[in-house]
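Me: I'd like to learn to read a protein model one step at a time. Could we go through this one together?

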Amino acid sequence: MSRARSIKNFNLVFHGFFFTISGLSRLNGGEETFLLVTAALANLTFMSPLSSAAMKRCGTPEALVKAVKRSPFTTLFAKDQVVTVLANMAANANCRHDIEAIDGVGFLLSMLETSLNGTNSKSELSAAERVQKKSAIALSRYFDSSNFAKKIRNHKRRKVCESLFTLH
């Protein structure tokens, strides 16, 4: 079987695969399950440009953001994976509107404020830093549009963004 044929067949099942994995993120299966699902989704965003489009059609960004907002106990490691998905999807101009539509920008701004309280492990500190950095990366992908800069000026969380970006 030729390489082109095998990739074409993979693309035929791609949407169904993402629909299934995204559906798992909607379940209340616990933090470990959520972490595994988000890690799988994050890894898939690096594998193919089609992944962002498939996740867009499946409502993956909304499901992930809602899951994190719903549970104040979401681990930093799961947040890291969710922000990775959003950052990689934000690289695709066709997906940005969908992220904006679910207040994904507000979510990313809130992730910039991720901090650690009390004594935490080195791995948690690293995860918190990754969440902040990936949130900044995702937000920076929006700044190719002057409309976005205007929107961010009026956002309730704009102060946190001003420390990273110069707003004119």
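Me: Before anything else, in which helix is the place of Lys66?

Reply: Happy to help! This is a predicted model, where local features need pLDDT of at least 70 and side-chain atom pairs count only at pLDDT 80 or more, while totals for chains, interfaces and linings use all residues. Residues are numbered from 1 along each chain as its sequence is written, and side-chain values use heavy atoms, with hydrogens and water left out. Helices (H or I, at least four residues) and strands (E, at least two) are DSSP runs, numbered from the N terminus. By that numbering, the place of Lys66 is in helix α4.

Me: Is Lys66 buried, partly exposed or exposed?

Reply: Buried means under 20% relative accessible area, exposed over 50%, and partly exposed in between (1.4 Å probe, protein chains only). Lys66 has a relative accessible area of 47%, so the residue counts as partly exposed.

Me: Which residue forms a salt bridge with Lys66?

Reply: Side chains of opposite charge can pair when their charged atoms come close. A salt bridge is a side-chain nitrogen of Lys or Arg within 4 Å of a carboxyl oxygen of Asp or Glu. Lys66 and its partner are four residues apart in helix α4 (residues 60-70), so about one helical turn separates them. With closest N and O atoms 3.1 Å apart, the partner is Glu62.

Me: How far apart in space are Lys66 and Ile102?

Reply: In sequence, Lys66 and Ile102 are 36 residues apart. From C-alpha to C-alpha, their separation in space is 9.0 Å.

Me: How many helices are there in the chain?

Reply: From the N terminus on, the elements run α-α-α-α-α-α-α-α-α-α. The chain has zero strands, and its number of helices is 10.

Me: What share of the 168 residues counts as buried?

Reply: Let's look at the chain as a whole. Contact means heavy atoms within 4.5 Å, and of the contacts with a separation of 6 or more, 74% are between residues 24 or more positions apart. As for burial, the share of the 168 residues is 42%.

Me: Which residue of helix α6 pairs with Lys56 in a salt bridge?

Reply: This pair links distant parts of the chain, with Lys56 in helix α3 and its partner in helix α6 (residues 93-101), 42 residues apart. Lys56 is partly exposed at 32% relative accessible area. The N to O distance is 3.6 Å, and the partner is Asp98.

Me: Why are the buried residues of α6 on the same side?

Reply: The residues in question are Cys95, Arg96 and Ile99. On the other side of α6, Asn94, His97 and Ala101 are exposed. The arc is that of the directions from the helix axis to the C-beta atoms. Cys95, Arg96 and Ile99 are on the same side of α6 because they cover an arc of only 115°.

Me: What covers the buried residues of α6?

Reply: The cover comes from other parts of the chain, including several helices. Among them are α3, α4, α5 and α7.

Me: How large an arc do the buried residues of helix α3 cover?

Reply: In helix α3 (residues 50-58), the buried residues are Ser51, Ser52, Ala54, Met55 and Cys58. They lie on the same side of α3, because the arc they cover around the axis is only 165°.

Me: Which residue takes a positive phi just after α3?

Reply: The value of this phi is about 75°. The residue is Gly59.

Me: Which residue forms a salt bridge with Lys134?

Reply: The closest N and O atoms of this pair are 2.7 Å apart. Lys134 is in helix α8 and its partner in helix α5, 54 residues apart. Lys134 is partly exposed at 22% relative accessible area, whereas the partner, at 3%, is buried: Asp80.

Me: Which residues are linked with Asp80 in a network of salt bridges?

Reply: The count of salt bridges comes to four. In the network, Asp80 is linked with Arg130 and Lys134.

Me: Which residues is Ser135 in contact with, leaving aside its neighbours within four places in sequence?

Reply: Ser135 lies in helix α8 (residues 122-140). At 0% relative accessibility, Ser135 counts as buried. Its contacts are Val83, Leu108, Met111 and Leu112.
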